[in-house]
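Student: Can you walk me through this model? I'd like to go through it in small pieces.

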Amino acid sequence: MALPKYTEPHYRIWHYIYLTICAAVFFFLIAPLFVIFPLSFNAEEFLSFSDGMKRLDPDAFSLRWYKDMIYGTKNPWGLAAKNSFIIAIFATIGSVILGTVAALGLSSRHMPYKGLIMAVLISPMIVPLIISGVAIFFFMAKAGLAATHTGIVLAHIILGTPFVVITVTATLSGFDHSVTRAAASLGSDPVNTFMKITLPLILPGVISGGLFAFVTSFDEVVVVLFLAGLENTTIPIQMWTGLREQLSPTILAVATCLIILSTLILVTAELLRRRSERLRGINR
Amino acid sequence: MSSETKQILTTDGIPLEVSLKKAEKKNKIKAFLLVAPLLFFLIITYVFPIGDMLFRSVDDKMVTQMLPKTFKAMENWDGQELPDEEVFAAFHEDFIKLVEDKREGKLSTQLNYTKNGFKSIIKKLRRKSKSFEEGNYKEQIMSVHKRWADVEYWRAIQRRAPEFTGQKYLKGMDMYVNEEGKIVSVEEDRRIHRVLWLRTLEIAFFVTVFCFLMAYPIAHLLATLPMKYSNLLMICVLLPFWTSLLVRTASWMILLQQQGIVNDFFVGIGLVADDNRPEMMYNKTGSYVAMTQILLPFMVLPLYSVMKTISPSLMRAGKSLGGTPFVAFWKVYFPLTIPGIGAGCLLVFILAIGYYITPALVGGASGTLISNQIAFHMKSTLDWSFASAMGLMLLSGVLVIYWLYNKIVGIDNIKLG
């Protein structure tokens, strides 16, 4: 953003003020995440930088809290991580299948009542989570699924499908339907056409929808708080309990792991988005 | 003219029009069948339960079913003076049955919602009713406690006769039906819910404003920078977006605590004294700061996607026609970004109005929102019908905003990342 030479001085000043504001906002966005890294290696039990850490004294750093996270006797993180992954994986599979199939129907130009149905399908994303939580809890309690993995997986499918529906319909909006007609005219049945032609082409959209569904489930705490029993504890629930009772550095160790995980997901999602845009011929 | 032309037939001899309609219908059914599994899944597990909330919020059958004979006998009572023996006898009969089923506690909780003071007198009645003699129940019940001889309490019981009630909604707005059947507000110092609604609106509004003020410049920068720089900066927006909400809240708890880094910094630059560190967490400030940072990406992304489509030559044209950069920006660029502003603001506002986790952790008592109250009634007081009523009040507010969103941007235009 170099300024042209003829820029008048007061616009020049304004331009630098603007850049400073932008820098401050970016700092505000990203800096809080980086506080967690160093503090999770704190040798002390405090949640602020010790004098040793400020001097970069190696003795002030340790892996103590990571060990505590993995081997700690009272720590429920192992069970929570296992539950979180199981629930998120099944919820993702469910959301992706239901959401992709529905998106295929929705993007057909023959679909009746498109607007109304779309509104129902993405409503779990619009309705505040607390209300979804109450409603889903009433259903699961009646169906006898409260405090079961199945109940939580179903709840997360409800919350995850809107993301899949939106991303896949967006991908399908640039989809050339003549290729499926070509396949049909060559004698392929619809299922075969879908598996061999449509799916490979919309795969980036499906996967990024799946990533959204995965993150939604993995990070979801409001609905799980209503549904989960002691057996179904998840990472967000443990963090929630930990943050409410006492901020321990072990939570920061877990948080660091979660940031690394979200970085990986971000990179994957970005790569997929770019590939998808290339495939759809959107050049930027 | 069409009657003169011959009907076009397909090879099967069916008129083309009919055949096309048939094919169209088949396609419609096919498309619908694809959507059907998800649609029915959501209707059963999600839409019906929300309807169930509506039902629960007005449902008042419990007391109706607990005192069937009493309410039957009360039908010909005018409510002016104490009811006669018939009502007392019916009440006694119902009550004995409740005591046998050990449900009189529930009755006292329910009646206490209507009028304070029922808890103790029902307990007393249960003890005394064991030694009641047959006949003349009016005298015997009235002798248990003087409140049983107060017509106000009998009117309170009568008010619970209908199977449906809107009183939970009134309670959500700090109103109730008084003895004369009029809707009035509760005393000034007990209006907790109105305070919460206003605070929720206030926090959601200001968080939206802050997000907008912060997001606009950086979205503009991201949209105008060359690709290789903007991609790098985009990570600053997307990484928080993908990071767990609890992780981000945790980092704010570390930053804002009294011995935290922000306070250390303020002390370091001499802004505040070391022994007088301000409370930045467990109050409204905490809610504002944390919610703004957490919701900021939801404002940046729609703004960015709109700004990306605005050609830079428009600004140049504006300037070349004699506008100063500010005029060109205000008259040309800004109006073009309004769809993005609308989308971002409504998205952030809707998310903020239903926020629960962050205010519960960093908001303290003065920074909690209506969602926290709903969760409190779901889990602690177990007054699920009240939680449902407040949830639906919140939902109807959100639906109005959502309707506006649909009018301005259209739901099909929602973009993620």
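**Working through the model**

Tutor: Take B:L295 as a starting point: beyond its neighbours within four places in sequence, B:L295 is in contact with B:V207, B:C211, B:V348, B:L351 and B:A352. Keep in mind that this is a predicted model.

Student: Which residues touch the most other members of the largest nonpolar core?

Tutor: B:L295 is one of them, together with A:A102, A:V134, B:A215, B:V300, B:V348 and B:A352. That core has 163 residues.

Student: Which helix gives the largest share of this core?

Tutor: Helix α7 of chain A, residues 149-173, with 14 residues.

Student: And what does the second, separate core include?

Tutor: Among its 21 residues are B:A73, B:F95, B:F118 and B:Y137.

Student: OK, switching to domains. Where are the domains of chain B?

Tutor: Domain 1 covers 61-163 and domain 2 covers 192-413. The centres of these two domains of chain B, taken over C-alpha atoms, are separated by 52 Å.

Student: What about chain A, how is that divided?

Tutor: Chain A has domain 1 at 1-33 and domain 2 at 84-279. In chain A, 38 Å separate the two domain centres, again over C-alpha atoms.

Student: How many helices and strands are there in chain A?

Tutor: Twelve helices and zero strands.

Student: And in chain B?

Tutor: Chain B has 20 helices and two strands.

Student: What is the radius of gyration of chain A, and what would a compact globule have?

Tutor: Chain A has 24 Å, while a compact globule of 284 residues would be near 19 Å. The C-alpha trace of chain A spans about 75 × 70 × 35 Å along its principal axes.

Student: Give me the radius of gyration and spans for chain B too.

Tutor: The radius of gyration of chain B is 32 Å, where a compact globule of 417 residues would have a value near 22 Å. Its C-alpha trace spans about 100 × 95 × 35 Å along the principal axes.

Student: What percentage of the residues of chain A count as buried?

Tutor: In chain A, 45% of the 284 residues count as buried. For chain B, 36% of the 417 residues do.

Student: And contacts between residues far along the sequence?

Tutor: In chain A, take the contacts between residues at least 6 apart in sequence: 75% of them join residues at least 24 apart. In chain B, residues 24 or more positions apart account for 67% of the contacts with a separation of 6 or more.

Student: Now the contact between the chains. How many residues does the contact take from each chain?

Tutor: It takes 74 residues from chain A and 72 residues from chain B. On the side of chain A that touches chain B, helix α1 (residues 9-40) gives the most, with 14 residues. By class, that side of chain A has 62 nonpolar, nine polar and three charged residues.

Student: Let's do some single residues. Where does B:I121 lie?

Tutor: In helix α6 of chain B, residues 118-129. Outside its neighbours within four places in sequence, B:I121 is in contact with B:H145, B:R147 and B:W148. The C-alpha atoms of B:I121 and B:Y405 are separated by 53 Å, and the two residues are 284 residues apart along the chain.

Student: Why does B:I121 count as partly exposed?

Tutor: Because B:I121 has 19 C-beta neighbours inside 10 Å, and a residue needs 20 or more to be buried.

Student: What is notable about phi of B:Y282?

Tutor: Phi of B:Y282 is near 60°, a positive value in a residue other than glycine. B:Y282 lies in the loop between α13 (261-268) and α14 (284-307) of chain B. B:Y282 is partly exposed, with 19 other C-beta atoms within 10 Å.

Student: And B:L382?

Tutor: Phi of B:L382 is also near 60°, and this residue is likewise not a glycine. B:L382 sits in the loop between α19 (370-381) and α20 (384-408) of chain B.

Student: Is B:L382 buried or exposed?

Tutor: Exposed, because B:L382 has 10 C-beta neighbours inside 10 Å and the cut-off for exposed is 12 or fewer.

Student: Last one: where does A:P58 lie?

Tutor: In the loop between α2 (51-54) and α3 (64-71) of chain A. With 9 C-beta neighbours inside 10 Å, A:P58 counts as exposed. The C-alpha atoms of A:P58 and A:A43, 15 residues apart along the chain, are separated by 9.6 Å.

Key: Residues numbered from 1 in each chain as written. Chains lettered and ligands numbered in written order. Predicted model: local features only at pLDDT ≥ 70, side-chain atom pairs only at ≥ 80, totals over all residues. Domains from an automatic or database assignment. Core = buried A, V, L, I, M, F, W, Y, C linked by C-beta atoms within 7 Å. Helix = DSSP H or I, 4+ residues; strand = E, 2+ residues; numbered from the N terminus. Contact = placed C-beta atoms within 7 Å. Nonpolar A, V, L, I, M, F, W, Y, C, P; charged D, E, K, R; others polar. Rg over C-alpha atoms; globule rule 2.2 N^0.38 Å.
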